[in-house]
Amino acid sequence: MTADSREITYRVLLEYKKTGSFIGDILEVALRKNQFEEKKLRAFVSRLSEGVVERKITLDFIIRKFSRTPLEKIKPEILTLLRMGIYQILYMESVPESAAVNETVKLAKSHSFSSLTGYINAVLRAVIKADNENRLRGMIGSSNEVRYSTPAWICRLITDSYGKDEGKRILEAQFTDRPTAIRVNTSKVSKEELAAALSESGVEVKSGALAENSLRISGYDFIRKLPGYREGWFSVQDESSSYAVERLYKHFEKAEEGKIKVLDLCSAPGGKSLYMAELLGEKGQIISRDISVDKTDMIRENAGRLGLQNIIIQERDASVFDKEMEDGADIVIADVPCSGLGVMGHKNDIKYNITEESIRELRELGLKIIRNAIRYIKPGGLMMFSTCTINPAENGDMLRKLFSLEAGSKTDGELTPVTSEVSENMKTARFRVLEEKQLLQSSHICDGFYYAIIERCDLT
């Protein structure tokens, strides 16, 4: 592997540490700026950058074990180099141990840290020695926090919610390499035609496991350079989200004259809105909203690329009730802000940015949004409440709280966690739950994702 690829990774990781921005955003800019002729060089930079972040707790635990300098006193640049070197030694089988050490030392010298190369060399070689003597794995396995490089409170939340065994499978799933899920825009191309075009360009293509119009792809370089991207033949959307939209669409069987009005309250980057627009075609009118222009511009860009004309995009705060939309939508989609514990596998740093207090705040916000959302449903219409988390407190508990409030009771719809399948039917005088599902990243080939489909049933 070239020194340039490690240099780029080093700069990416330093910027991540300095700015606190998401690693995915920083990495995307760096990869666009540095166009690699070989896909494997791009893959190396991505793997090392994202890997150092997702294994940060583990790597720092190891550094504490083998460094005479306390972690808190190590210079940020040296700490970054040590993390890079140790990650290559332990988690990148394609990199020889000697190369991991030598290239890290070279990188230190190139950044005027020659006086510290002996220290770096000593720490990395001590790690190699401990690993070869089978001492290191036992150290790493001393706690779930270190083993899964996930804050201890999140480990407890997951194992308490799903049990010790399933919880560990969920935590392990974040390190599993998975293909990219794309959703075929069947208004422009068939699933078979897109699969053939991608295969001809050297992309590995498989059919989706959950969603009807999804494909799973791997072995590509830039998604924007794939055949059909600019033409709007597909969008990147996890199967969990696509599947939920398909389930919502299949529940809505009411035939009526005029447009079917769909209101999506927290839409950006627009996947659910855009898929519903594709499914409904001319018979649907989609109102796609989010809180800021930055967010709605993402929807506009994607809608334009897909060639969709049946979508209206607006800036609105979903937590503020819109009187004009009361009883006004056939379908309401409320994908509320959440902790994102279902997407730790490809948002490597999300687990470091959430706290127990922030989850409490997100629950309050989410409940406010779905209480507004349920008032927008026409009699006979549907609402989908969804999140990309696996935390029952933000999912099933929230739904039960909503129904408790709707029923005007503190006991109706008791707050009990759901597992991975449809729960018992819940019903009030005006609403009933048609379907509820928790998808787990450990049990399904997709993100962790929750959805519930609610019908307004006061038809008279």
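**Entry 1: H5 and H6**

I started with this pair: H5 and H6 are roughly antiparallel to each other, in what is a predicted model. I looked up the angle behind that and found the axes of H5 (residues 76-91) and H6 (residues 97-110) crossing at roughly 165°. Anything over 145 degrees counts as roughly antiparallel, so the label follows. The two axes come within 9 Å. For the handedness, I noted that H5 passes H6 in a right-handed crossing.

Which residues of H5 meet H6? I listed Leu-81, Met-84, Gly-85, Gln-88 and Ile-89 on the H5 side. Facing them from H6 are Ala-100, Val-101, Thr-104, Leu-107 and Ala-108. Sorted by class, the residues of this contact come out as seven nonpolar, three polar and no charged.

**Entry 2: H2 and H3**

Next I went to H2 (23-33) and H3 (residues 39-54). Their axes are 11 Å apart and the packing angle is about 160°, so I wrote this pair down as roughly antiparallel too. H2 passes H3 in a right-handed crossing. From H2, I have Ile-23, Leu-27 and Leu-31 in the contact. H3 brings Arg-42, Val-45, Ser-46, Ser-49, Glu-50 and Val-53. The class count for the contact of H2 with H3 is five nonpolar, two polar and two charged.

**Entry 3: second largest pocket**

I stayed with H2 and turned to the second largest pocket, which has a volume of about 210 Å³. Which helix gives the largest share of its lining? That is H2, with five residues. H1 (3-19) and H2 each supply at least two residues of the lining.

I copied out the lining residues: Ile-8, Arg-11, Val-12, Glu-15, Asp-25, Ile-26, Val-29, Ala-30, Lys-33 and Asn-34. By class they split into five nonpolar, one polar and four charged.

**Entry 4: the cavity**

Last, I checked for enclosed space. How many cavities of 30 Å³ or more does the structure hold? I found one. The largest cavity has about 30 Å³ of space in it.

Its lining is made up of Val-336, Pro-337, Cys-338, Leu-362, Arg-363, Gly-366, Thr-387, Glu-394 and Met-398. H17 (residues 356-373) gives the most to this lining, with three residues. I counted the classes here as well: five nonpolar, two polar and two charged residues line the largest cavity.

Definitions and conventions
Residues numbered from 1 in each chain as written. Predicted model: local features only at pLDDT ≥ 70, side-chain atom pairs only at ≥ 80, totals over all residues. Heavy atoms only, no water. 1 Å grid on protein atoms, 1.4 Å probe; cavity = no way out; pocket = protein on both sides within 12 Å on 5 of 7 lines; lining within 4 Å. Points joined across faces, edges and corners; volume = space filled by probe spheres on them. Helix = DSSP H or I, 4+ residues; strand = E, 2+ residues; numbered from the N terminus. Nonpolar A, V, L, I, M, F, W, Y, C, P; charged D, E, K, R; others polar. Axes fitted to C-alpha atoms, helices over the stretch in contact; angles between N-to-C directions. Parallel < 35°, antiparallel > 145°, perpendicular 65-115°, else oblique. Left-handed = near helix turned anticlockwise from the far one by under 90°. Contact = heavy atoms within 4.5 Å.
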